[in-house]
Amino acid sequence: MSSNTLHTSLLRPPILHILRAAGFHATKPHVLDTLVDLAARYLSMLALNATAHAEENHNDSIPNITDVRMALEDVGAFQPQKSAMEERITGEQDGSGVDAFLRWIKGGENREIRRIAGLVETEGLMLGIDVPADKEDFLTGMRHSVCWKLDH
(Lines give C-alpha, C1' and ligand atoms only; values in the text may rest on other atoms or scores of the structure.)
Protein backbone atom coordinates (compact mmCIF):
# COMPACT_ATOMS: atom_id res chain seq x y z
CA MET A 1 0.00 0.00 0.00
CA SER A 2 1.51 3.33 -1.05
CA SER A 3 1.54 6.26 1.34
CA ASN A 4 -0.94 8.13 -0.87
CA THR A 5 -3.37 5.20 -0.70
CA LEU A 6 -2.86 4.99 3.07
CA HIS A 7 -3.54 8.70 3.53
CA THR A 8 -6.64 8.47 1.33
CA SER A 9 -7.98 5.52 3.30
CA LEU A 10 -7.33 7.35 6.59
CA LEU A 11 -9.20 10.46 5.38
CA ARG A 12 -12.29 8.61 4.14
CA PRO A 13 -13.93 8.01 7.58
CA PRO A 14 -13.70 11.65 8.74
CA ILE A 15 -15.06 12.89 5.40
CA LEU A 16 -17.92 10.37 5.66
CA HIS A 17 -18.69 11.61 9.19
CA ILE A 18 -18.67 15.24 8.02
CA LEU A 19 -21.06 14.35 5.18
CA ARG A 20 -23.30 12.48 7.61
CA ALA A 21 -23.31 15.41 10.02
CA ALA A 22 -24.19 17.74 7.14
CA GLY A 23 -27.26 15.60 6.39
CA PHE A 24 -25.99 13.42 3.54
CA HIS A 25 -26.82 9.76 4.08
CA ALA A 26 -25.44 8.41 0.80
CA THR A 27 -22.85 9.40 -1.79
CA LYS A 28 -21.35 7.96 -4.92
CA PRO A 29 -17.81 6.60 -4.55
CA HIS A 30 -16.30 9.04 -7.05
CA VAL A 31 -17.86 12.01 -5.18
CA LEU A 32 -16.38 10.75 -1.92
CA ASP A 33 -13.00 10.23 -3.59
CA THR A 34 -13.10 13.81 -4.91
CA LEU A 35 -13.89 15.23 -1.46
CA VAL A 36 -11.13 13.11 0.13
CA ASP A 37 -8.68 14.34 -2.52
CA LEU A 38 -9.67 17.97 -1.87
CA ALA A 39 -9.24 17.51 1.88
CA ALA A 40 -5.84 15.85 1.38
CA ARG A 41 -4.64 18.67 -0.86
CA TYR A 42 -5.89 21.30 1.59
CA LEU A 43 -4.15 19.62 4.54
CA SER A 44 -0.94 19.25 2.51
CA MET A 45 -1.06 22.93 1.57
CA LEU A 46 -1.57 23.89 5.24
CA ALA A 47 1.36 21.72 6.32
CA LEU A 48 3.67 23.10 3.62
CA ASN A 49 2.72 26.71 4.40
CA ALA A 50 3.17 26.18 8.15
CA THR A 51 6.59 24.61 7.57
CA ALA A 52 7.61 27.46 5.26
CA HIS A 53 6.58 30.02 7.87
CA ALA A 54 8.49 28.09 10.55
CA GLU A 55 11.66 28.17 8.48
CA GLU A 56 11.21 31.88 7.70
CA ASN A 57 10.39 32.90 11.27
CA HIS A 58 12.75 30.81 13.40
CA ASN A 59 14.93 28.64 11.10
CA ASP A 60 13.20 25.44 12.20
CA SER A 61 11.08 23.02 10.20
CA ILE A 62 8.71 22.40 13.13
CA PRO A 63 5.91 25.00 13.14
CA ASN A 64 4.57 26.60 16.29
CA ILE A 65 1.08 28.02 16.79
CA THR A 66 2.00 31.35 15.15
CA ASP A 67 3.23 29.53 12.03
CA VAL A 68 -0.01 27.54 11.86
CA ARG A 69 -2.07 30.73 12.25
CA MET A 70 -0.12 32.34 9.42
CA ALA A 71 -0.66 29.26 7.23
CA LEU A 72 -4.39 29.38 7.93
CA GLU A 73 -4.38 33.04 6.88
CA ASP A 74 -2.53 32.08 3.68
CA VAL A 75 -5.23 29.60 2.66
CA GLY A 76 -8.07 31.93 3.61
CA ALA A 77 -9.35 30.22 6.76
CA PHE A 78 -8.60 33.35 8.80
CA GLN A 79 -9.49 36.78 7.49
CA PRO A 80 -7.60 39.41 9.49
CA GLN A 81 -9.09 42.91 9.64
CA LYS A 82 -5.75 44.75 9.87
CA SER A 83 -2.96 44.80 7.32
CA ALA A 84 0.58 43.79 8.24
CA MET A 85 1.55 47.48 8.25
CA GLU A 86 -1.25 48.33 10.72
CA GLU A 87 -0.10 45.46 12.98
CA ARG A 88 3.46 46.82 12.97
CA ILE A 89 2.30 50.38 13.71
CA THR A 90 0.03 49.37 16.61
CA GLY A 91 2.41 46.70 17.88
CA GLU A 92 -0.34 44.11 18.35
CA GLN A 93 -1.49 41.21 16.23
CA ASP A 94 -4.95 41.14 14.72
CA GLY A 95 -6.79 38.25 16.36
CA SER A 96 -10.18 38.98 14.81
CA GLY A 97 -9.71 36.27 12.17
CA VAL A 98 -9.03 33.70 14.87
CA ASP A 99 -12.04 34.91 16.88
CA ALA A 100 -14.32 34.65 13.84
CA PHE A 101 -12.99 31.15 13.09
CA LEU A 102 -13.65 30.02 16.67
CA ARG A 103 -17.19 31.45 16.58
CA TRP A 104 -17.80 29.52 13.35
CA ILE A 105 -16.45 26.26 14.82
CA LYS A 106 -18.48 26.60 18.02
CA GLY A 107 -21.58 27.87 16.21
CA GLY A 108 -24.84 26.07 15.58
CA GLU A 109 -23.99 25.12 11.98
CA ASN A 110 -21.27 22.77 13.26
CA ARG A 111 -23.16 21.32 16.21
CA GLU A 112 -23.86 18.00 14.49
CA ILE A 113 -20.26 17.64 13.30
CA ARG A 114 -18.99 18.14 16.87
CA ARG A 115 -21.52 15.58 18.15
CA ILE A 116 -20.45 12.97 15.62
CA ALA A 117 -16.79 13.73 16.31
CA GLY A 118 -17.35 12.69 19.92
CA LEU A 119 -16.99 16.11 21.52
CA VAL A 120 -20.00 15.46 23.69
CA GLU A 121 -19.05 15.69 27.35
CA THR A 122 -22.27 14.22 28.69
CA GLU A 123 -25.48 12.94 27.11
CA GLY A 124 -27.21 15.89 25.50
CA LEU A 125 -24.49 18.44 26.32
CA MET A 126 -21.71 19.49 24.01
CA LEU A 127 -19.37 22.31 24.91
CA GLY A 128 -22.17 24.02 26.81
CA ILE A 129 -24.69 23.61 23.96
CA ASP A 130 -27.87 21.56 24.32
CA VAL A 131 -28.15 18.74 21.76
CA PRO A 132 -31.26 16.65 21.21
CA ALA A 133 -30.68 13.25 22.81
CA ASP A 134 -32.61 11.41 20.05
CA LYS A 135 -29.87 12.08 17.43
CA GLU A 136 -27.14 9.48 17.20
CA ASP A 137 -24.30 8.90 14.80
CA PHE A 138 -23.92 5.91 12.49
CA LEU A 139 -21.51 4.00 14.73
CA THR A 140 -23.73 4.33 17.81
CA GLY A 141 -26.73 3.21 15.74
CA MET A 142 -24.81 0.14 14.56
CA ARG A 143 -23.81 -0.71 18.14
CA HIS A 144 -27.44 -0.50 19.27
CA SER A 145 -28.53 -2.64 16.32
CA VAL A 146 -25.92 -5.33 17.01
CA CYS A 147 -26.70 -5.37 20.74
CA TRP A 148 -30.44 -5.64 20.02
CA LYS A 149 -29.85 -8.59 17.66
CA LEU A 150 -27.67 -10.35 20.22
CA ASP A 151 -30.31 -9.93 22.92
CA HIS A 152 -33.13 -11.34 20.77
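What pattern does the protein follow when it is read along the sequence? Good morning, everyone, and let's start right there. Going along the chain, the pattern is α-α-α-α-α-α-β-β-α. In total, the secondary structure comes to 7 helices and 2 strands. Please keep in mind as we go that this is a predicted model.

Let me give you a few overall values. The protein has 152 residues, and 20% of them count as buried. About 11000 Å² of surface is exposed, and carbon and sulfur atoms supply 60% of that. Then there are the contacts between residues at least 6 apart in sequence: 27% of these join residues at least 24 apart.

Now, on to the salt bridges. How many salt bridges does the structure hold? The count is 3. For anyone new to the idea, side chains of opposite charge can pair when their charged atoms come close. Let's visit each pair in turn.

We begin with Arg12 and Asp33, whose side chains meet in a salt bridge at 2.5 Å, N to O. This pair links distant parts of the chain, with Arg12 in helix H1, residues 3-21, and Asp33 in helix H2, residues 29-58. The two partners are 21 residues apart. How covered are they? Arg12 counts as partly exposed because its relative accessibility is 27%. Asp33 is also partly exposed, at 38%.

The next pair is Asp37 and Arg41, with a salt bridge of 2.9 Å, N to O. Both of these residues sit in helix H2, 4 residues apart, which is about one turn of the helix. Is Arg41 buried or exposed? Its relative accessibility is 57%, so Arg41 counts as exposed. Asp37, with a relative accessible area of 36%, is partly exposed.

The remaining pair is Arg69 and Glu73, which meet at 2.6 Å, N to O. These two are 4 residues apart in helix H3, so about one helical turn separates them. Glu73 comes out as partly exposed at 25% relative accessibility.

Let's stay with Arg69 for a moment. Is Arg69 buried or exposed? The cut-off for buried is under 20% relative accessible area. Arg69 has 14%, so it counts as buried. And which residues does Arg69 touch, leaving out those up to four places away in sequence? They are Phe78, Gln93, Asp94 and Val98. If you have the structure open, find Arg69 in helix H3 and look for those four neighbours around it.

From there, let's move to the surface, where there are two patches to show you. One is nonpolar: Val31, Leu35 and Leu38 form it, with about 230 Å² of accessible area together. Leu35 has its place in helix H2, and with 31% relative accessibility it counts as partly exposed.

The other patch is negative. Which residues form it? They are Glu55, Glu56, Asp60 and Asp74. Asp74 lies in helix H3, which covers residues 65-74. At 45% relative accessibility, Asp74 is partly exposed.

My closing stop is the loop between H2 and H3, and I have two residues to point out. Asn59 is found in this loop. What is its phi? Asn59 has a positive phi of about 50°, although it is not a glycine. Why mention that? Most residues other than glycine have a negative phi. Asn59 also counts as exposed, because its relative accessibility is 73%.

The other residue is Ser61, in the loop between H2 and H3 as well. Ser61 is partly exposed, at 43% relative accessibility. Setting aside residues up to four places away in sequence, Ser61 touches Thr51, Ala54 and Glu55. You may recognise Glu55 from the negative patch. There is also a distance to share here: the C-alpha atoms of Ser61 and Leu48 are separated by 9.9 Å, and these residues are 13 apart along the chain.

So, what would I like you to take away? The protein has 7 helices and 2 strands, and the structure holds 3 salt bridges. The pair of Arg12 and Asp33 links distant parts of the chain. And on the surface, remember the negative patch with Glu55, Glu56, Asp60 and Asp74, along with the nonpolar one formed by Val31, Leu35 and Leu38. Thank you for listening!

Definitions and conventions
Residues numbered from 1 in each chain as written. Predicted model: local features only at pLDDT ≥ 70, side-chain atom pairs only at ≥ 80, totals over all residues. Heavy atoms only, no water. Patch = residues over 30% accessible without salt bridge, like charges linked within 9 Å, V, L, I, M, F, W, Y side chains within 5 Å. Areas by Shrake-Rupley, 256 points an atom, 1.4 Å probe, with all protein chains shown as cover. Salt bridge = Lys/Arg side-chain N within 4 Å of Asp/Glu carboxyl O. Lys, Arg positive; Asp, Glu negative; His and termini not counted. Charge placed at Lys NZ, Arg CZ, Asp CG, Glu CD. Buried < 20%, exposed > 50% of the residue type's maximum accessible area, 1.4 Å probe, protein only. Contact = heavy atoms within 4.5 Å.
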